[in-house]
Structure formats: structure tokens, C-alpha cells
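Please read the following walk through a protein model with the coordinates open beside the text. The paragraphs move from one group of strands to another, with a stop at the aromatic residues on the way.

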Amino acid sequence: MKKPILSRRFKMSAYSAWKLALLITIIVAVNLVVSVLPSQVVEFDLTGDDLYTLSQQTVQIAQGLDQDVHLYLLAPSGSENQVLLRLLSRYEELSPHITVSSVDPVSDPTFLSAYDIDLDTLFTNSVLTVSGSRYRLVGYDRIFVTQQHALEDGTVSSSTAFHGENALTNAIHYVSNAAMPKVYALSGHGEAALESDVTALIRNDNLQLETLSLLSLEDVPQDCACLIINVPASDISPEEAQKLIRYLEKGGNMILLTDYIKQGAMENLLSVTSFMGMTAGEGMVLEGDSSRHVSRYPYYLLPYMSNHAITAPLNESSLYVLLPIAQLLSPVNGAGASVQPLLITSEKAYAKADGLDTQTLSQEEQDVTGPFNVGALATKSQGALLWVPSSMFLISSANTMVSGGNYNLFMNALSFLCDQAETLSIRAKTVTGSVISVPASVQGTVTVLLIGVIPLCVVALGAIVCIRRKRR
């Protein structure tokens, strides 16, 4: 006797419905599991500059917290910046001591009454960082920083950099640490003033910055974590030189930026550098390798960077450092100091002994050839001296040409010398696109390809197609 067809169809339908229900159950379960996983596990940062990827330094700071830190995104409901929300969620996942919440200052005006904040200048999507009685407001204008740059053709371009991780991590570090290292900038010798962008970076890295004159002091203050000497126009006195040497002997740290020093000049300042195993060499450096200087400017050096904690973040990010009009550094034998070159020219570099008075930029037979040391870190008696012999190193235009490489190197050096190693490499990320530094050799190759090779290939291909069509 045959089984009813309806019964078989019913069983097949029931089996299919059971499989469909099981599949739906599995999908729902997977979604529930995924929804509770941290965003770094289920989300991938595909942005060009890793906007949502936090550095190892941020991870160390967050996971080392022993007190609660609250991050408040200040924005009207529904107007929260999605980039910031994602970034803040990454911070919250790093440590149970970090909590994130959004506050609408309009609907809850009493929230900010406990903080000294000017509501008239408060930007939407600013972040208030609070831990105990310490707090810091990270303005939206400090997270997305737009700068304008004058181009050679007279036009003005603008670029926006994302300082989110740098600003937020430094704010967390600030509110969770009462002590802030103090940095002094030497004055009294016609030193160049640090540009506002540089002073802002220093303060944002939780470093106090003050000017210092040694004329009325017996010694460098004991609370000086690092002394900056930025392009002095005249020499220091013999007494000041002895004060600086005593400071270095006691474990002090210095960053020295200098203009071209002629032979016999700046003798007292050079006595300090000689104590640390370095002196100003004879000659302005020009680069003979077209891939290591800015196009058409052989004295705008793009030096190699050696392997060091200061330079590692730049090497990893493939950033250049630009040294306009640099002087070579020479070793001082018998000083008992350890000198590590950080910035090095190619073997094709050559030095003009006449310095700024040289009559030709072309290489001559008497020119000394490289490689040359054009930036070094010397250590002795627990003291340290970083010397970059280029007066334009911290000029904003030079920094812009290498997409922030100069400021990155300077701030990494300052953080390293001030024992703020956890802030190394936490620098700005580009939102609108980076400036492309094209060495002369690359520029020539690209020009030939774009103007010659590619057009000729297109014309040849068109001719071949036309000939084949005619033969048909």
C-alpha cells in the first residue's frame, strides 16, 4: 500500500522549516555574540591613516591607570561626531577605569557649572576629561586642526590633521598624573622664539614651558627636565657655559638648534658641546644624491635616520625630516661621551668649507665628501645633548614640506629626554591628505613617465588599433 503523497510532502516541508529555524537561530546567536565583543575584534580600521587604531603608547597609559577617568563628549543629542564616538569607544575598551558618555550642554546646562569652562568659546564635540579634581577640556579645534599653507604659485592650500589620539591620550595622562616635567627655553642671546605650533605641542604633551636666563642664577634650576637652546644669535658667556656643563654632569638634558657657526665663533657654546663629544665641523652640507634632497635645492637635506627610540616612529611611518642649510657635526676625541648619529647624509654628500659664503653649489675637487653626521644624541655622566645644526629645523614651512616630520622628531626627542617615553609617536594623523615630498630623482622619473612615456604609449596603442581596423 502506497504512503500518501501529502504525508511525504508534509514531512519534507517540516524538515525544511526545521532547518530554516535552526539557521535563523544560529544567525541570531552569532549576532548576539558579536554584539558583545569589543569593537577592535569585530571592526577593522580601513582608514588611510589608521584614525581608529590606537598606538601601543596609548594602550600602556590606559592599562596602567589606577584611578577612574571619565571622558564626556559635549554635543547636542544627535550631533555627536561619529569619528570621535568610535575613537572614544576604543579608549573605553582598553581599561575598566575609563568610562565614556555623551552630555548635551544645552539640555543639561548645570553639568559644566563645576568646571571653569567658557561656554561662549566651547566647540560642539569637545571632550571633557575628568579624574578626581583634575580635568582638561580637549576642544574640537584641537582634535581636528586645519592649517593653511602658502604655495609657491601664490595660492593657499589647507590641510586638516586629526590630533584625536594625541590630544585625548595626553589629557588622560594629565588628569591621572599630578607631576608635570618642566622644560625651559634659554634666553638672553638672541635666541629664536619657538613658534606657537611648537609651544602648543609641548604643552599638549603635559610639559610645562618657561623661559630661562642664566645671568642671575647660580645654576640651571633643579626642576629643569630639559633645556632648549633655539638658534642663539650670539655666544653665551664663559660663566654660563660652566653652568650648562655642571647641569649636564648632574644628569641634565639639552636640545640645541644652531645656525651655521663659522670657525672661531661661539667658542663658549662649543665648549659645552665639546664636553659632550661634538663640535661644529667646517662646512655647509650639500647632498649629491638627488633622492636625499628637495628638488633643485641640494642644501635642503632629507637625511637618513638611524635606529633609535626617537627616530623609530618616523621610520615606521616613512616620514622624512628636512634640514635646510645644515652644518656637519664633528666628533671630539677624548671627551668620554657616547655620540649616536641620528640624522645622516648619503655618501654622495659634500661639504663647502666656505659655508654660507660659498660661491657655487656644484661639487668641487677640494670638497670633503660624506656621509656626514647632521644630527646626533650625545650622552655622558647621565646627561644628554641632542644637537641639530639647522636654524630652520623648527620653521613651520619646513615642517609642512615633510608632513610634520620635523615636529615629530623634535617632540619625540623632548619626550625621550623628559622620560615621557609613553607619548613617543602619538602624533597627528592626516584627514585631508599629506604633503608629498618628492626627491629630485623621483620627480625626474615621474616627469618623464607622465610627459613622455605614457602619452607615447597611448599614441602607439591608438595607431595600432587604427591600422588593424583598416586591414579588416
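Which residue takes a positive phi in the hairpin of S12 and S13? In this model, which is predicted rather than determined by experiment, the residue in question is Arg-296, whose phi lies near 75°, in a hairpin that has 2 residues between the strands. The two strands of this hairpin pair in the antiparallel sense over 2 bridges, and one of the contacts can be followed directly, since Val-294 has Tyr-297 in S13 as its bridge partner.

From this hairpin the view can be widened to the sheet that contains it. The sheet is open and is formed by 3 strands in the order S12-S13-S15, with antiparallel pairing. Strand S12 (293-294) and strand S15 (323-324) each have a single partner strand and stand at the edges, so one side of each is left without a neighbour in the sheet. On the S15 side, strand S13, which covers residues 297-301, is joined to S15 by 2 bridges, and the two strands run antiparallel. Along this pairing Tyr-300 stands opposite Pro-324 of S15, while Leu-301 stands opposite Leu-323 of S15.

A second hairpin, that of S20 and S21, can be read in a similar manner. Here there are 2 residues between the strands, and Ser-381 takes a positive phi near 50°. Strand S20 (residues 373-380) is joined to S21 by 5 bridges, the two running antiparallel, and within this pairing Ala-378 has Leu-385 in S21 as its bridge partner. Strand S21 is also joined by 5 bridges to strand S10 (residues 253-257), but in this case the strands run parallel, and the bridge partner of Leu-257 in S21 is Val-388.

How many of the residues of strand S21 are buried? For the stretch 383-388 the count is 6 of the 6 residues, so the strand is largely enclosed by the rest of the structure. The burial applies to both of its faces: Gly-383, Leu-385 and Trp-387 point one way, Ala-384, Leu-386 and Val-388 point the other way, and all are buried.

The aromatic residues offer another route through the model, which holds 7 aromatic pairs. In one of them, the rings of Tyr-72 and Phe-111 have centres 4.9 Å apart and planes at 65°, so the pair is edge-to-face, the angle being over 60 degrees. Because Tyr-72 lies in strand S1 (residues 69-74) and Phe-111 lies in the loop between strand S2 (98-103) and strand S3 (126-131), the pair ties together parts that are 39 residues apart in sequence. Both residues fall below the 20% limit for burial, with a relative accessible area of 16% for Tyr-72 and a relative accessibility of 19% for Phe-111. Phe-111 also forms an aromatic pair with Tyr-115, which is tilted, with 6.1 Å from centre to centre and 50° between the planes; Tyr-115 is itself buried, at a relative accessible area of 18%. Ring pairs link these three residues and Tyr-135 into a cluster made up of Tyr-72, Phe-111, Tyr-115 and Tyr-135.

A further tyrosine, Tyr-174, is placed with respect to charged groups. The charged end of Arg-134 sits over the ring of Tyr-174, at 4.2 Å from its centre, and Arg-136 lies over the face of Tyr-174, at 4.3 Å from the ring centre.

Notes. Residues numbered from 1 in each chain as written. Predicted model: local features only at pLDDT ≥ 70, side-chain atom pairs only at ≥ 80, totals over all residues. Heavy atoms only, no water. Pairing = 2+ DSSP bridges. Helix = DSSP H or I, 4+ residues; strand = E, 2+ residues; numbered from the N terminus. Phe/Tyr/Trp six-rings, centres within 6.5 Å; stacked < 30°, edge-to-face > 60°. Buried < 20%, exposed > 50% of the residue type's maximum accessible area, 1.4 Å probe, protein only. Lys NZ or Arg CZ within 6 Å of the ring centre and 35° of its normal.
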